[in-house]
Amino acid sequence: MNSKAHTLLLEAPSLIGFIGSADTDRMPRTVPVWYRWDGKVIHITTASSSVWVNNLINDSRSSFCVAEHGPPYQAVVMQGRVQVDNKDEAEVRRIFLRYMDAQQPKTITQRLNMNYVWSDLNPTG
């Protein structure tokens, strides 16, 4: 991954990512997600009842993209395999803090009490 793409992922905490999966009928499904990039893996969290989570449990192949909303309109697109695991509260909290105000701990705690899973997308090539 080139340095501009890496910077886009790391330094733009308010950008929404999009993850792609295949429904059981093989139709594509792309959904917006909150994510965190650690330099090697995209960490994503969502409600465990999300259709795309079940899609990725059945077929771990996925795509992910994130794009700027203004000039110079840089974007990153990657493909890889996703591992879906039970909620890792520390990772979910790190992802939430990218998008939510840390001064609202009650809101974060309420959201953490929901049934979440997290997914890791390991980019290929």
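C65 is in contact with I16, G17, F18, V76 and V77, leaving aside residues up to four places away in sequence. The structure is a predicted model. This briefing first describes the setting of C65, and then turns to helix α3 and to a cluster of aromatic rings that includes W34, Y35 and F64.

**Setting of C65**

- C65 belongs to strand β4, which covers residues 61-67.
- The relative accessible area of C65 is 28%, so this residue is partly exposed, given that the partly exposed class lies between 20% and 50%.
- C65 and M78 stand 13 residues apart along the chain, and their C-alpha atoms are separated by 6.4 Å.

**Helix α3**

- Helix α3 spans residues 89-99, and its buried residues are E91, V92, I95, F96, R98 and Y99.
- Viewed down the axis of α3, these buried residues fall within an arc of 150°, and they therefore line one face of the helix.

**Aromatic pairs**

- The count of aromatic pairs in the model is four.
- W34 and Y99 form a stacked pair, because their ring centres are 4.8 Å apart and their planes meet at 10°, where stacking requires planes under 30 degrees apart.
- W34 is in strand β2 (residues 28-37) and Y99 is in helix α3, so this pair ties together parts that are 65 residues apart in sequence.
- W34 counts as partly exposed because its relative accessibility is 21%.
- Y35 and F64 form an edge-to-face pair, since their ring centres are 5.2 Å apart and their planes are at 70°, where the edge-to-face class requires an angle over 60 degrees.
- This second pair links distant parts of the chain, with Y35 in strand β2 and F64 in strand β4, 29 residues apart.
- Y35 has a relative accessibility of 0% and therefore counts as buried.
- F64 is likewise buried, with a relative accessible area of 1%.

**The ring cluster and a charge over a ring**

- Ring pairs join W34, Y35, F64, F96 and Y99 into a cluster.
- Two members of this cluster, F96 and Y99, are among the buried residues of helix α3.
- R98, also one of the buried residues of α3, lies over the face of Y35, at 4.6 Å from the ring centre.

Notes
Residues are numbered from 1 along each chain as its sequence is written. This is a predicted model: local features need pLDDT of at least 70, side-chain atom pairs count only at pLDDT 80 or more; totals for chains, interfaces and linings use all residues. Side-chain values use heavy atoms; hydrogens and water are left out. Helices (H or I, at least four residues) and strands (E, at least two) are DSSP runs, numbered from the N terminus. Buried means under 20% relative accessible area, exposed over 50%, partly exposed in between (1.4 Å probe, protein chains only). Contact means heavy atoms within 4.5 Å. The arc is that of the directions from the helix axis to the C-beta atoms. Rings of Phe, Tyr and Trp (its six-membered ring) pair if their centres lie within 6.5 Å; planes under 30 degrees apart count as stacked, over 60 as edge-to-face and the rest as tilted. A charge sits over a ring if NZ of Lys or CZ of Arg is within 6 Å of the ring centre and within 35 degrees of the ring normal.
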